Amino acid sequence: MSSPEEIGGGVRSPHDMVLDIVRRRSYLRDVEVQSVLGAHTFKRLQRADFVLMLLHEAAEFRQRAASYRNFNVGAAAWCKGPGNWSSRVVGHNVKLDETDQVNIHAEDVLTAKIEDGQLGKIAVLAVIGPTQEDHASGKTTKTLHPCGRCRDRLGASPAMTPSTLIVTARPDFTAIEFASLAAIRALHETGDDEGLMTFEFDTTPAIFAPRNLPDEWSPGQQPYRIEEIDSRDYDETIGLYLARRYMSGR
Ligand SMILES: [Zn+2]
């Protein structure tokens, strides 16, 4: 007689069973694949706009995290796939109690979805969560970095490349950091923070404030006005950094 955990011949752990659920494309926009035309548009998009969009998406999906201690983490990735396809993938963490029976990190969900969809290589990975002491290194950083376990898993993931840009931010966006996985590892392993670019703001830059758009808009209704957002904080710091970084046209 087989127990409910025995699916497909093998015994599946609660962790794997929950991961199977959250890696499904259940949300309307959790995996968005762009056509060749979309990929072409992506190349021409300002990288600064693009990173901004990913940060907003990671913040939005952070609201769906399931953490027994309210340690909510959201992540979003932009992948460049084979044949010029590109996709945007989002994920969040799931930890239902203090045991490790189910302990899914936002990065796990992303890499699982990327694997399932064969979405290629991650160009930009954004992670947003509250800061806490890193369990592996004992360091407290200005933003939440992928943890020791995720650093190892990402390091082994075929979706990562040496040029994958990792963007980490505080939930209120008063600190945002940019680095490669190698630079984050160096910081945690040797204390060398050379490879990290950190931006700090006194208050949440207006461009990161949650957008207050109407839920729906139907034809015939007065079109709503999108209020102009002061983006100087962002443009003059992160925007410039990204423009310089991608100046070489890569
Ligand atoms: Zn992790």
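The protein chain of this predicted model has a secondary structure of seven helices and twelve strands. Of its 250 residues, 33% are buried. You can also ask how its contacts are spread along the sequence: among those between residues at least 6 apart, 64% join residues at least 24 apart.

Now let's find one strand, S6, at residues 86-92. Are its residues buried or exposed? Seven of the seven are buried, so S6 is largely enclosed by the rest of the structure. Try following the strand with your eye: Ser86, Arg88, Val90 and His92 point one way, while Ser87, Val89 and Gly91 point the other way, and the residues on both sides are buried.

Next, look at the partner of S6. Strand S5, residues 74-80, runs antiparallel to S6, and seven bridges join the two. In one of these pairings, tryptophan 78 has arginine 88 of S6 as its bridge partner. Together S5 and S6 form a hairpin, with five residues between the strands. In that turn sits glycine 83, whose phi is positive, at about 65 degrees.

Finally, let's turn to a pair of helices. Two packed helices are described by the angle between their axes and the distance between the axes. Helix H3 (residues 47-62) packs against helix H7 (residues 232-245) at an angle of about 110 degrees, and their axes are 8 Å apart. Because angles of 65 to 115 degrees count as roughly perpendicular, H3 is roughly perpendicular to H7. Their crossing is right-handed. Which residues make the contact? H3 brings Arg47, Ala48, Val51 and Leu52, and H7 brings Tyr234, Ile238, Gly239, Leu242 and Ala243. Sorted by class, the contact has seven nonpolar residues, one polar and one charged.

Conventions: Residues numbered from 1 in each chain as written. Predicted model: local features only at pLDDT ≥ 70, side-chain atom pairs only at ≥ 80, totals over all residues. Buried ≥ 20, exposed ≤ 12 C-beta atoms within 10 Å, placed from the backbone. Helix = DSSP H or I, 4+ residues; strand = E, 2+ residues; numbered from the N terminus. Pairing = 2+ DSSP bridges. Contact = placed C-beta atoms within 7 Å. Axes fitted to C-alpha atoms, helices over the stretch in contact; angles between N-to-C directions. Parallel < 35°, antiparallel > 145°, perpendicular 65-115°, else oblique. Left-handed = near helix turned anticlockwise from the far one by under 90°. Nonpolar A, V, L, I, M, F, W, Y, C, P; charged D, E, K, R; others polar.
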